[in-house]
Amino acid sequence: MPELTRAIAAATSITGSLDLPAEDAIVLHNSNKLALRLTPYDVFARVAPVGEEVAAFEVELAQRLGEVGAPVAALEPRVDPLVYTRDGFAVTLWTYYEPATPQVSPADYAKALEQLHAGMRKVDLASPHFSDRISEAEQIVADPRLSPELPEADRVFLGDRLRSLRQAIDERGAEEQLLHGEPHPGNLLSTTYGPLFIDFETCCRGPVEFDLAHVPVAVCEHYPNVDQELLDDCRQLVLAMVAAWRWDVGDQFPNGRRFGEEFLRVLREGPLGRPSTRWSAE
């Protein structure tokens, strides 16, 4: 894949220029963004085409959250905390953490998310509103040029579902704050330092239940003071949004179309349907 080869070359060229030359690049994740482990210096690199990322926002937010003690992955300490560009790619460099355990327990997951939210309440940084992401999903569903393979009946259903859920959540008037945006298990690392969150490009403002809608049900049972009805609406909303993104003509998520069909099926089952915990907008 020429694009993948170019992205890896851009990341290794940058680390080489920073006296952290890479002898090997291990692909950890590759969809709309590329995650690499560069050895032998164990640099974690995130790579995306310039203009298709909000890397500067992510770097600044990670710095501020680290300063207030929030459980977040640290930037690579051996280089300046910047967004590096090379050959049309934006690259950010982070600390690589060896996995400590196969997974984080629901109780520890909930505690880490609660601590993250507490830290985010201390950070004053302009960010999008979660409803902006609903609008993006609605645009994909409404425009057949953006979702040409979405069947018409599903297009109508999904559009109606997005609108009704937006309205239901708005009418609840819940307190809002800065959120991670996608704190699903794929964005939580199990490390010797405890659970640490990564990937802050999707940060937005909204009710904490919007974040909780991305995590396993067992985690929510350990998070304090959850509005269960709001959480149910947010779970359905997130499912509808992710379903829309999976039908996007430019979507690169592995097996995205199959997930899009499955999410539509679960949505039609109603509020009792429990979505997968491994989604991503990427």
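Is Cys204 buried or exposed? With a relative accessibility of 1%, Cys204 counts as buried. The close-ups below start from the whole chain of this predicted model and then come back to this cysteine.

**Figure 1. The whole chain, with its 9 helices and 9 strands.** Let's get our bearings first. The C-alpha trace spans about 55 × 40 × 35 Å along its principal axes. For 282 residues, a compact globule would have a radius of gyration near 19 Å, and the chain agrees with that because its own value is 19 Å. Of the 282 residues, 51% count as buried. Contacts also reach across the sequence: among those with a separation of 6 or more, 70% are between residues 24 or more positions apart.

**Figure 2. Cysteines in a structure with 0 disulfides.** Cys204 takes part in no disulfide, and the nearest cysteine sulfur, that of Cys203, is 7.2 Å away. A disulfide calls for two cysteine sulfur atoms within 2.5 Å, so the 7.2 Å between Cys204 and Cys203 does not qualify. Cys234 is likewise in no disulfide; here the nearest cysteine sulfur belongs to Cys204, 10 Å away. Cys234 counts as buried, at 0% relative accessibility.

**Figure 3. Leu179, a residue of strand β6.** Strand β6 covers residues 177-179. Leu179 is buried, with a relative accessible area of 0%. Setting aside neighbours within four places in sequence, the contacts of Leu179 include both Cys203 and Cys204 from the previous view. Arg205, Gly206, Pro207 and Val208 are also among its contacts, as are Phe210 and Asp211. Two further partners of Leu179 are His117 and Met120. Ala153 makes a useful landmark here: Leu179 and Ala153 are 26 residues apart in sequence, and their C-alpha atoms are 33 Å apart in space.

**Figure 4. The largest cavity, with a volume of about 60 Å³.** A search of the whole structure turns up 2 cavities of 30 Å³ or more. In the largest cavity, 11 residues form the lining, and the closest to the centre are Arg46, Val47, Ala90, Thr92 and Glu201. Three elements each give two or more residues to this lining: β3 (43-49), α2 (55-67) and β5 (89-95). Sorted by class, the lining of the largest cavity has 5 nonpolar, 1 polar and 5 charged residues.

**Figure 5. The second largest cavity, with about 40 Å³ of space.** The residues lining this cavity are Phe44, Arg46, Glu58, Ala73, Trp94, Ile198, Asp199 and Phe200. You have met Arg46 already, as one of the residues closest to the centre of the largest cavity. By class, the lining of the second largest cavity has 5 nonpolar and 3 charged residues, with no polar ones.

**Figure 6. A cis peptide bond between Thr39 and Pro40.** If you are checking the backbone, pause at this bond. Omega is about 15° for the bond that joins Thr39 and Pro40. Pro40 sits in the loop between β2 (34-39) and β3, and β3 is one of the elements that help to line the largest cavity.

**Figure 7. Two loop residues with positive phi, Asp19 and Asn225.** Asp19 is not a glycine, yet its phi is positive, at about 65°. The loop that holds Asp19 runs between α1 (2-17) and β1 (24-30). Asp19 is exposed, with a relative accessible area of 64%. Asn225, also a residue other than glycine, has a positive phi near 60°. Its place is the loop between α7 (217-220) and α8 (228-246). Asn225 is exposed, with a relative accessible area of 77%.

**Figure 8. Asp248, in the loop between α8 and α9 (256-269).** What does Asp248 touch, not counting residues up to four places away in sequence? The residues touched by Asp248 are Ile140, Leu146 and Arg257. Asp248 and Glu149 are 99 residues apart along the chain, while their C-alpha atoms are separated by 8.7 Å. Asp248 counts as partly exposed, at 24% relative accessibility.

Conventions
Residues are numbered from 1 along each chain as its sequence is written. This is a predicted model: local features need pLDDT of at least 70, side-chain atom pairs count only at pLDDT 80 or more; totals for chains, interfaces and linings use all residues. Side-chain values use heavy atoms; hydrogens and water are left out. Buried means under 20% relative accessible area, exposed over 50%, partly exposed in between (1.4 Å probe, protein chains only). On a 1 Å grid over the protein atoms alone, a cavity is a set of points where a 1.4 Å probe fits but cannot get out, and a pocket is an open set with protein on both sides within 12 Å along at least five of seven lines; lining residues have an atom within 4 Å of a point. Grid points are joined across faces, edges and corners, and a volume is the space filled by probe spheres set on the points. Helices (H or I, at least four residues) and strands (E, at least two) are DSSP runs, numbered from the N terminus. Ala, Val, Leu, Ile, Met, Phe, Trp, Tyr, Cys and Pro count as nonpolar, Asp, Glu, Lys and Arg as charged, and the others, Gly among them, as polar. The radius of gyration is taken over C-alpha atoms; the globule rule is 2.2 Å times the number of residues to the power 0.38. Contact means heavy atoms within 4.5 Å.
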